[in-house]
Each structure stands twice: as structure tokens, then as C-alpha cells.
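Please keep the sequence and the model side by side while reading. The paragraphs below are meant as a guided walk from one part of the fold to the next.

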Amino acid sequence: MARSALQVFPIPAYDDNYIWLLSDGEHAVVVDPGDAQPVIATLRQAQLKLTAILITHHHADHVGGIAELLAWSRSQGDTVQVYGPLAEEIPECHQGLVARDSLHFAAPELDISVLEVPGHTRGHIAFYLEHQGQSHLFCGDTLFASGCGRLFEGTASQMWQSLDQLRQLPDKTWVHCAHEYTLSNIRFALSIEPHNVDLQQWEARAKALRQVGKPTVPTTIGHEKKVNPFLRCEEDSVMRAVRLGDPQLACDPVSIFAKLRAMKDVFR
Ligand SMILES: [Zn+2]
């Protein structure tokens with residue numbers, strides 16, 4: 001039997017969160033449901049049966065809806081499994097995951113690989129899958145369109161290694177980010193690389209999307225390699241801009257990344 005087409009779309013939550021939903025038209029898996037209500041509304045409207053919840057890290061805006069979603073699913077007679085990082089405290093987690101774990105789901109039919117991407121939090125994980133020639137990454141708060149997550153718990157070295165790992169995924173991989181931060185990320189990116197033509201064109205496209213209320217994500221790994229300064233720490237243009245304010249700074253990517261992240265933290 002042919003596998004049914006996989007639909008992947010964002011459910012907006014809070015001010016700027018995206019909860020990603022994967023569905024075969026009948027069953028659904030959600031990633032990082034920080035809020036249950038918009039997920040329940042979507043499941044009801046599309047008449048989908050929730051089968052699993054995937055969690056990338058422990059922050060409240062990613063796990064806040066788990067208990068309510070489980071209770072609601074139970075009231076519908078459905079059993080839902082929760083998967084999250086083994087290294088973090090995740091409410092109601094049925095199975096803790098580490099790097100290179102793989103998950104197989106029957107409905108929707110999915111084979112998912114687990115990546116460890118510490119930096120934003122100590123135990124942050126990401127989910128990668130290939131389905132009918134398409135590759136998908138669900139990376140929580142690690143990689144954003146033209147940006148990356150803040151270093152709340154991990155070190156710059158850990159985060160650089162995590163981003164480097166993601167950078168090596170196939171260029172066509174769809175990157176499903178957990179926040180709509182794109183326009184402010186692009187503003188910072190242009191302050192670093194004002195002459196990056198891909199970035200200039202991306203700004204125009206992202207602005208047009210936001211003007212009509214559309215998400216700027218998913219992005220792709222190939223696109224991010226052109227427009228995301230945090231994946232470009234080895235490019236001359238990025239190194240030059242970062243070392244302008246700190247000429248003694250070492251030229252290795254971790255030092256450049258650490259300084260770039262610190263610059264973004266105070267960028268207005
Ligand atoms: Zn977070």
C-alpha cells in the first residue's frame with residue numbers, strides 16, 4: 001500500500017510560537033505543544049487522532065500543553081505517547097531519548113532519528129525524518145530562520161557543534177523552527193552582512209510573507225547556509241564584522257560564534 005502523503009504545518013501559539021503538526025490525514029503527531037488549546041482546536045477541526053507528542057526541550061512554552069492534551073486525548077479514548085530528551089525533566093514523558101535513538105510510528109507512518117543539540121538548554125534534542133523524498137528537521141529553539149537560540153544552559157562551543165551538526169544535513173531539509181523570529185533575526189544578520197545579496201532578497205520575501213500574516217518558516221538548511229550568520233562563522237564577511245569591535249578575537253569558529261551570539265543578545 002502506498003504511504004499517504006505527509007502533511008506538516010505550524011499551529012501558531014502564544015505571541016510567536018509554532019507548534020508543528022505532522023499528519024497522514026487521519027492521525028497526527030505534534031512537536032512542542034506549549035499550549036493545548038490551539039492543538040485541540042486543530043485536531044477537532046481536521047478530525048485527527050493524536051498518537052504522539054515529541055518534545056525538544058523543557059521550556060514551558062514547549063511543554064505547557066502536554067498534560068491537557070493527554071487528558072483531552074484520554075477523554076476521546078485515545079492513547080498518546082510522549083517522547084522527550086532523557087537529560088531533561090519533561091512532564092508525563094513516556095520515553096527519554098538520546099542521540100542516535102530512532103522512533104518508528106505506525107500512524108502516521110514515520111521513522112524519526114534523534115539528534116542531540118545542546119546549547120539553548122543542556123539536553124536539547126532535535127528530530128529528523130525523511131519521508132517520500134522530503135527531509136524534515138524539528139529543531140525547537142536551536143536553529144531559527146536567520147538566527148539561533150540563546151545560550152541559556154549550554155556553552156558557545158556546544159551550540160556551535162550543534163549548529164554545525166544541523167548544517168551538515170541535506171540542503172533540501174525543511175527546517176521547522178519553533179518561533180517566528182525571522183524579521184528581527186534578519187535585521188541583525190544584515191547588520192553583520194549588509195552586502196549579502198541572498199539576505200537582502202530574503203528580507204524582502206520575509207517582509208512580504210509577514211505582511212499577509214503568513215509564516216516565514218519552514219526554511220531549509222541550504223537557504224540558512226546563505227542567510228544565517230550563525231551558520232556562517234567561517235565566512236570572511238562574518239569574521240570581519242565580528243572582529244571589528246574586538247580585533248584581538250581568535251579566528252576559530254567557536255570564538256566567532258560566541259562573540260556573534262553575545263552581539264545578538266544586546267542588539268536593538
Ligand atoms: Zn526554549
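Which strands does helix 1 lie across? In this predicted model, helix 1 lies across strand 1, strand 2, strand 3 and strand 4, and its axis runs at about 140 degrees to strand 1. These strands belong to an open sheet of six strands, which has the order 1-2-3-4-5-6 and mixed pairing. Strand 1 (7-13) and strand 6 (95-97) stand at the edges of this sheet with a single partner strand each, so one side of each is left without a neighbour in the sheet. On average, and with direction ignored, neighbouring strands of the sheet are turned by 25 degrees against each other. Another helix, helix 3 (residues 66-75), lies across strand 3, strand 4 and strand 5 (81-85), and helix 3 runs at about 155 degrees to strand 4.

Strand 3 (residues 27-31) is a useful place from which to read this sheet. Five of the five residues of strand 3 are buried, so the strand is largely enclosed by the rest of the structure. In a regular strand the side chains alternate between the two faces of the sheet. Here His27, Val29 and Val31 point one way from strand 3, whereas Ala28 and Val30 point the other way, and all of them are buried.

The two partners of strand 3 can be taken in turn. With strand 2 (residues 17-23), strand 3 pairs in the antiparallel sense over four bridges, and Ser23 has Ala28 of strand 3 as its bridge partner. The two strands form a hairpin with three residues between them, and in the turn Gly25 has a positive phi of about 95 degrees. With strand 4 (49-54), strand 3 pairs in the parallel sense over five bridges; His27 stands opposite Lys49 in strand 4, and Val30 stands opposite Ile53 in strand 4. The connection between these parallel strands passes through helix 1 (residues 36-46), and strand 3, helix 1 and strand 4 make a right-handed β-α-β unit.

Beyond strand 4 the path leads to the metal site. Which residues coordinate the zinc ion? The donors are His57 (NE2), His59 (ND1), His120 (NE2) and Asp141 (OD), at 2.1 to 2.3 Å from the zinc ion. In sequence, the donor residues follow the spacing H-x1-H-x60-H-x20-D. His59 lies in the loop between strand 4 and helix 2 (60-63), and His120 lies in the loop between strand 8 (109-116) and strand 9 (125-131), so the pair ties together parts that are 61 residues apart in sequence. Both His59 and His120 are buried. The angles among the four donor atoms run from 91 to 166 degrees, and the site of the zinc ion is irregular. The tetrahedral class requires all angles to lie between 85 and 135 degrees, and the upper value of 166 degrees at the zinc ion therefore rules out that class.

Strand 8 and strand 9 also appear in another open sheet of six strands, which has the order 7-8-9-10-13-14 and mixed pairing. The edge strands of this sheet are strand 7 (102-106) and strand 14 (219-220), each of which pairs on one side only. Strand 13 (residues 174-176) and strand 14 pair in the antiparallel sense over two bridges, and Val175 stands opposite Thr219 in strand 14.

Two buried residues serve to follow the chain further. Leu231 is found in the loop between helix 7 (221-227) and helix 8, and at 4% relative accessibility Leu231 counts as buried. When residues up to four places away in sequence are not counted, Leu231 touches Leu143, Leu163, Arg167, Glu224 and Lys225. Leu231 and Ser255, which are 24 residues apart in sequence, are 13 Å apart in space, C-alpha to C-alpha.

Val242 lies within helix 8 (residues 236-244), and at 1% relative accessibility Val242 also counts as buried. Leaving aside neighbours within four places in sequence, Val242 is in contact with Leu249, Ile256, Lys259, Leu260 and Met263. For one of these, Lys259, the C-alpha atom is separated by 6.9 Å from that of Val242, although the two residues are 17 residues apart along the chain.

Definitions and conventions
Residues are numbered from 1 along each chain as its sequence is written. This is a predicted model: local features need pLDDT of at least 70, side-chain atom pairs count only at pLDDT 80 or more; totals for chains, interfaces and linings use all residues. Side-chain values use heavy atoms; hydrogens and water are left out. Donors are N, O and S atoms within 2.8 Å of the metal (3.2 Å for Na, K and Ca); water is not among the atoms, so sites may look incomplete. Four donors count as tetrahedral if all angles lie between 85 and 135 degrees; four count as square planar and six as octahedral if opposite donors are over 155 degrees apart and all others between 65 and 115; anything else is irregular. Buried means under 20% relative accessible area, exposed over 50%, partly exposed in between (1.4 Å probe, protein chains only). Two strands pair if DSSP finds at least two bridges between them. A crossover is right-handed if, with the strands pointing away from the viewer, the path from the first strand over the helix to the second runs clockwise. Axes are lines fitted to C-alpha atoms, for helices over the stretch in contact, and angles run from 0 to 180 degrees between N-to-C directions. Contact means heavy atoms within 4.5 Å.
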